[in-house]
Amino acid sequence: MVEEQYDVDALDLLINIVGLPIAKSSNSSIWPILCSDTKFKKVFMIGAYYGHKKPIDSNMYLEQFVNEIVPLVQNGFKMPNNKLITIKMHGLFCDAPAKSFVLCTKGHSGYYSCSKCIIKGSYINNRICFPLDTTESEVNGHLHEIIGFSGLRTDLAFKNNDYADNYQHSISILNNIPQFGLISNVPLDYMHLVCLGVVKKMINLWISGPLPIQMLARDIKIISDKLTDYQKMTPNGFSRKPRSLYDYKHFKAT
């Protein structure tokens with residue numbers, strides 16, 4: 001039965017690492033290492049750390065996990081019927097603080113904290129922003145501004161610790177995993193960057209931003225009333241129900 005259920009030749013593993021508070025009355029938290037794959041998509045825990053602070057050393061925290069996954073990636077997993085299943089670590093998913101922790105890089109508020117390119121951030125309005133590069137080019141006797149991207153980070157440069165001057169502060173033990181790129185196989189965090197970042201910022205500007213871009217008070221009320229009415233019709237499968245725009249500062253993402 002097990003052999004029929006896992007009748008595959010290869011498994012691409014997905015790893016998720018995040019710190020979770022488990023009590024409101026103390027600083028205790030748990031840092032689980034969760035695993036899934038691109039085919040069966042079942043999630044299970046393969047390791048966890050509990051304490052009143054996050055793990056001090058990320059390499060020590062990940063050591064047992066890395067020691068187990070390296071031979072699996074190198075040799076595959078042999079089933080009871082002697083069938084060999086190829087194992088590959090396909091992706092590592094973390095929020096911004098957990099990603100900088102396990103990759104041993106600067107935090108997301110640093111000047112060179114972009115995990116995909118070498119752009120230097122600018123301190124604008126009390127926050128670090130990453131504007132696009134601008135250059136001027138002459139076309140038909142006129143200067144035109146060209147917008148582009150800074151050079152992209154590469155897996156090889158990261159593995160060689162080439163970004164030690166301004167991005168990496170030490171070498172991550174995850175470098176030991178074969179066929180796993182700490183740049184290409186670690187995607188950006190959509191939930192925090194888009195849902196709680198861009199979208200929440202836009203709502204904030206529409207409600208309490210500069211007057212030229214604020215929504216009319218009556219329009220805010222109409223939208224809020226509709227969102228509140230939708231709570232009654234939201235299926236149970238949705239983990240969060242719509243809330244009034246007046247509560248936007250407390251919006252969560254899922």
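## Exercises: salt bridges, rings and a surface patch

At 55% relative accessibility, D9 counts as exposed (over 50%; buried is under 20%, partly exposed is in between, with a 1.4 Å probe and protein chains only). This is a predicted model, where local features need pLDDT of at least 70 and side-chain atom pairs count only at pLDDT 80 or more, while totals for chains, interfaces and linings use all residues. Residues are numbered from 1 along each chain as its sequence is written, and side-chain values use heavy atoms, leaving out hydrogens and water.

**Exercise 1.** Find the salt-bridge partner of D9 and place both residues.

*Solution.*
- Start with the rule: a side-chain nitrogen of Lys or Arg has to be within 4 Å of a carboxyl oxygen of Asp or Glu.
- K83 fits, with the closest N and O atoms 3.4 Å apart.
- Now place them: D9 is in the loop between α1 (2–5) and β1 (10–17), and K83 is in the loop between β5 (77–78) and β6 (84–94). Helices here are DSSP runs of H or I with at least four residues, strands are runs of E with at least two, and numbering goes from the N terminus.
- The two are 74 residues apart, so the pair links distant parts of the chain, and K83 counts as partly exposed at 23% relative accessibility.

**Exercise 2.** Work out how D225 and K221 sit relative to each other.

*Solution.*
- Their side chains meet in a salt bridge, 2.9 Å from N to O.
- Both belong to helix α6 (residues 217–230); because they are four residues apart there, about one helical turn separates them.
- D225 is partly exposed at 36% relative accessible area, and K221 is partly exposed at 47%.

**Exercise 3.** Classify the ring pair W31 and Y61.

*Solution.*
- Rings of Phe, Tyr and Trp (its six-membered ring) pair if their centres lie within 6.5 Å; planes under 30 degrees apart are stacked, over 60 edge-to-face, the rest tilted.
- That rule gives five aromatic pairs.
- For W31 and Y61 the values are 6.4 Å centre to centre and 80 degrees between planes, hence edge-to-face.
- W31 is in strand β3 (residues 29–37) and Y61 in helix α2 (residues 58–75), 30 residues apart.
- Both are buried, and ring pairs link them with F101 into a cluster.

**Exercise 4.** What kind of pair do F158 and Y167 make?

*Solution.*
- Their centres are 6.3 Å apart and their planes are at 70 degrees, so the pair is edge-to-face.
- F158 and Y167 are buried.
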